[in-house]
Amino acid sequence: MAIPETDRLTTTVSTKGQVILPKAIRDQRRWPSGTKLVVRDTPEGVLLSPEPVFPPTTLDQVFGMLKYDGPPISIEEMDAAVGDMFRHRYDREYDRD
């Protein structure tokens, strides 16, 4: 739930340059203690956003993970393989082997 614009939240910059974010904002953003934030200076003010979990990558950097060595297979064969995998997991989970 968004905090209404009429609920003006304020904070103070400490002598060490520290700012405490109001609890309502931390809770709304799900930023627990220890969350690393990226700080950007924008024309509208300072923008805080959570640091990405993974570094940015390009398709070229991850394309090798998609490599398939073998004859091409049809969509139907892929669907069947996925179905078999889920049936196997279900059987294993519910001890139906």
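What follows is a guided tour of a predicted model, to be taken with the structure open in a viewer.

**The whole chain**

Begin with the whole protein in cartoon view, where the secondary structure amounts to 3 helices and 2 strands, and where the elements, read from the N terminus, come in the order α-β-β-α-α. If the 97 residues are then coloured by relative accessibility, 3% of them count as buried.

**Helix α1 and the loop after it**

Select helix α1, which covers residues 23-29, and show the side chains of Lys23 and Asp27, which meet in a salt bridge with an N to O distance of 2.7 Å. The two positions are separated by about one helical turn, because they are 4 residues apart in this helix. Asp27 counts as partly exposed, because its relative accessibility is 48%, a value that lies between the limits of 20% and 50%.

Move next to Arg30, in the loop between α1 and β1. Arg30 has a positive phi of about 55° although it is not a glycine, and this deserves a look at the backbone, since most residues other than glycine have a negative phi. Arg30 counts as exposed, because its relative accessibility is 73% and the class begins over 50%.

**The hairpin**

Select residues 37-42 and residues 45-50 together: these are strands β1 and β2, and they pair in the antiparallel sense over 6 bridges. The two strands form a hairpin, with 2 residues between them. To follow the register, pick Arg40, whose bridge partner in β2 is Leu47, and then Thr42, which stands opposite Gly45 in β2.

**The loop between α2 and α3**

Continue past helix α2 (59-62) to Tyr68, which is found in the loop that leads from α2 to α3 (75-93). Is Tyr68 buried or exposed? Tyr68 counts as exposed, at 51% relative accessibility, because that class requires over 50%. Now add Ile73, Ile75 and Met78 to the selection and switch to a surface view: together with Tyr68, these residues make a nonpolar surface patch of about 410 Å².

**Helix α3**

Select helix α3 and display Asp84 and Arg87, both of which lie in this helix, 3 residues apart, or about one turn. Their side chains meet in a salt bridge, with 2.6 Å from N to O. Asp84 has a relative accessible area of 45% and is therefore partly exposed, and Arg87, at 49% relative accessibility, likewise counts as partly exposed.

Then show Phe86 and Arg89, and look along the line from the charged end of the arginine to the aromatic ring: the charged end of Arg89 sits over the ring of Phe86, 5.9 Å from its centre.

**Two searches to finish**

Return to the whole structure and ask how many salt bridges it contains. A search finds 2, and the tour has passed through the one between Lys23 and Asp27 and the one between Arg87 and Asp84. As background, side chains of opposite charge can pair when their charged atoms come close.

Finally, select the aromatic rings and ask how many aromatic pairs the structure holds. The count is 0, so the contact at Phe86 to keep in view is the one with the charged end of Arg89.

Technical notes. Residues numbered from 1 in each chain as written. Predicted model: local features only at pLDDT ≥ 70, side-chain atom pairs only at ≥ 80, totals over all residues. Heavy atoms only, no water. Pairing = 2+ DSSP bridges. Phe/Tyr/Trp six-rings, centres within 6.5 Å; stacked < 30°, edge-to-face > 60°. Lys NZ or Arg CZ within 6 Å of the ring centre and 35° of its normal. Patch = residues over 30% accessible without salt bridge, like charges linked within 9 Å, V, L, I, M, F, W, Y side chains within 5 Å. Areas by Shrake-Rupley, 256 points an atom, 1.4 Å probe, with all protein chains shown as cover. Salt bridge = Lys/Arg side-chain N within 4 Å of Asp/Glu carboxyl O. Buried < 20%, exposed > 50% of the residue type's maximum accessible area, 1.4 Å probe, protein only.
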